[in-house]
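Student: I would like a close look at one helix packing contact, and then at how its surroundings are put together. Please take the geometry slowly.

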Amino acid sequence: MTTRSLLFRQLFSHVAIILFMALILSAFVVYYAYQNNNGELTVKIRNLAAFFSEDLKLGHIPEREWELAGRATGAVLWLEDSNGRIIQGSPPDYSGEEPYTLIDSEAYSKQFLFSTKAQNVVIISVPVLIQDKPGRLLAYHQISPFYVKMIIRAYFFPLIAGLTAAFLLAVLLSRRLTRSIADITAAAKRFSAGDYTSRTRATTKDEIGTLGKTFNAMADAILHTQQTRRTFFSNISHELKTPLSCVKATTEALIDGIAVNGQERTHYLERILAETDRMSRLVHDIMDMEHLESGKMFIKQERLDIAALLLHQATKIEPLLQKKSISLLLQFETNKRYVLGDADRLAQVLDNLLSNAIRYAPPGSPIGLLLTEKAQWLQVSVSDQGEGISSEALPLIWERFYRIDKSRSRSLGGSGLGLSISRGLMEAMGGTIAVESEKGRGSIFKIGLLSER
Ligand code: ADP
């Protein structure tokens, strides 16, 4: 219904414009055609007025000359004084036609053209002085039917052909426009009915095409969100399934009396504890992700001593380092030590980067923790001499749940959320995070925060 009425409105406005233009054009053509036809006569009547000026001083034109003038011009001539009283000659009887009126009060001093509705009639009036009083010489002339036919043939036939073509074009254009809108509407309806692959083909380079493209982009974005959501849920369930089955199996085994003594019982209970820890970490990570994405994560912007934070982190990871015989090289290459950020969140990012470095570094190798200064920024680099990351995997490591080696990362206790959260946190703090890595040559993760005095 809407489409139809829009089509009608479009068509109506096109046709109205075409007709209006045709009307104006016709008025001009008719005016100039008549003007042209009567131009010669006008000149003749003017010349007559000049020629008779001497006779007019006496108030009368000799009959013989008057007759000759009538024949020479092919028009009915008469003279009137300023009160419309006929002095000489007589106007034809055009009482059945529309009475002609003076175009304006100054008409006595002007030559004017007048065409009645009924016939193609022209009355030319030229101001003259009759016995030194204002009057006028008038000529009544009927345009020949041949001339009218000629105008019709030369102008009106092509005009009608042009109008028809313009009308057809208007129909075509209007239908094209409404067809694009109908296509977008149909695509939107299919989409809202659940067909997320529905797209419009109305993507022309105009406003409607832009609307179509915008709809398609919106549909792509929604589809992407849907897919991400689906992947997200399948990842969560997958991540929870492994520790849950482990907890279940171990608990059942304990109930069945698998542990023969207290030491064994402790061993199984510790396994359960480790798995529940893992699940709780995962839940915390998911909550962090959610808060970051919804913008609900509360981030403090405080002046903090990053050097002290790095020393604290170094002490914190000592047991982990010892476990893998990894040495830590802590270096400060700047005297600056204050940044703007959130101490807890920064510690969370460093925890993640350091535990990854330890996780992926070969036993016995060193890892580096370096503080440097770069323009107004303080930069922390966490480096390891582990297996590194291939150039294909490099852009993907920031994605949620992405792990290069799934089973290995899981066995090492990773969830694939750490880097994604770290990036979100650094961005929320107004900082940066980047990686440089090459397969087989280790990795360097760098974070930057604005330096404070
Ligand atoms: P995970 O919990 O699995 O470590 P992250 O988001 O922290 O999740 O890291 C994503 C993936 O990036 C890891 O699974 C691993 O494949 C890769 N990765 C991260 N840090 C390093 C590193 N230092 N060396 C090699 N690979 C790394």
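Where α7 passes α9, is the crossing right-handed or left-handed?

Tutor: The crossing in which α7 passes α9 is right-handed, a label that applies if the near helix is turned clockwise from the far one by less than a right angle, anticlockwise being left-handed. The structure is a predicted model, in which local features need pLDDT of at least 70 and side-chain atom pairs pLDDT 80 or more, while totals for chains, interfaces and linings use all residues. Residues are numbered from 1 along each chain as its sequence is written, and side-chain values use heavy atoms, without hydrogens or water.

The helix α7 spans residues 306–316 and α9 residues 343–360, and their axes come within 11 Å and cross at roughly 45°. That angle makes α7 oblique to α9, since angles under 35 degrees count as roughly parallel, over 145 as roughly antiparallel, 65 to 115 as roughly perpendicular and the rest as oblique. The axes are lines fitted to C-alpha atoms, for helices over the stretch in contact, with angles running from 0 to 180 degrees between N-to-C directions. Helices (H or I, at least four residues) and strands (E, at least two) are DSSP runs numbered from the N terminus. On the α7 side the contact (heavy atoms within 4.5 Å) is made by I306, L309, L310, Q313 and K316, and on the α9 side it is made by A343, L346, A347, L350, D351 and L354. In general, an α-helix has 3.6 residues a turn, so residues three or four places apart point the same way.

The contact leads on to the interior. One residue of α9 that meets α7 is L346, and L346 is also listed, with I367, V380, L425, M426, F445 and I447, among the residues with the most contacts inside the largest nonpolar core, which has 49 residues. It is α9 that gives the most to this core, with 8 residues. Such a core is a set of buried Ala, Val, Leu, Ile, Met, Phe, Trp, Tyr and Cys residues joined through side-chain atoms within 4.5 Å, where buried means under 20% relative accessible area, exposed over 50% and partly exposed in between (1.4 Å probe, protein chains only). Leaving aside residues up to four places away in sequence, V380 touches I306, L310, L350, L369, L370, L371, F445, K446 and I447, so that this one side of the picture brings in I306 and L310 of α7 together with L350 of α9. Apart from this core lies another of 19 residues, including F52, I61, V122 and V128.

Two further core residues, L425 and M426, are among the buried residues of α11, which also include G418, L419, S420, I421, S422 and G424. With 8 of its 11 residues buried, α11 is largely enclosed by the rest of the structure, and what covers those buried residues includes α6, α9, β10 (432–437) and β11 (443–452). After α11 comes G430, whose phi is positive, near 80°.

The covering by α6 can be followed in detail. The axes of α6 (residues 262–294) and α11 (residues 418–428) lie 10 Å apart and pack at an angle of about 40°, which makes α6 oblique to α11. Here α6 passes α11 in a left-handed crossing, with D285, D288, M289 and L292 of α6 meeting S420, I421, G424, L425 and A428 of α11.

A second partner of α6 is α5 (residues 207–255), packed against α6 at about 165° with the axes 9 Å apart. That makes α5 roughly antiparallel to α6, and α5 passes α6 in a left-handed crossing. The residues in this contact include F232, I236, L240, L244, V247 and L254 of α5, with Y268, L269, I272, M279, L282 and I286 among those of α6.

Two backbone details deserve a careful check, given that most residues other than glycine have a negative phi. In the loop between β3 (121–130) and β4 (133–142), Q131 has a positive phi of about 50° although it is not a glycine, and at 46% relative accessibility Q131 counts as partly exposed. In the loop between β8 (366–374) and β9 (377–384), A375 has a positive phi near 55°, and with a relative accessible area of 61% A375 is exposed.

For the wider setting, the protein chain has 11 helices and 11 strands, and buried residues make up 37% of its 453 residues. Among contacts with a separation of 6 or more, 63% join residues 24 or more positions apart.
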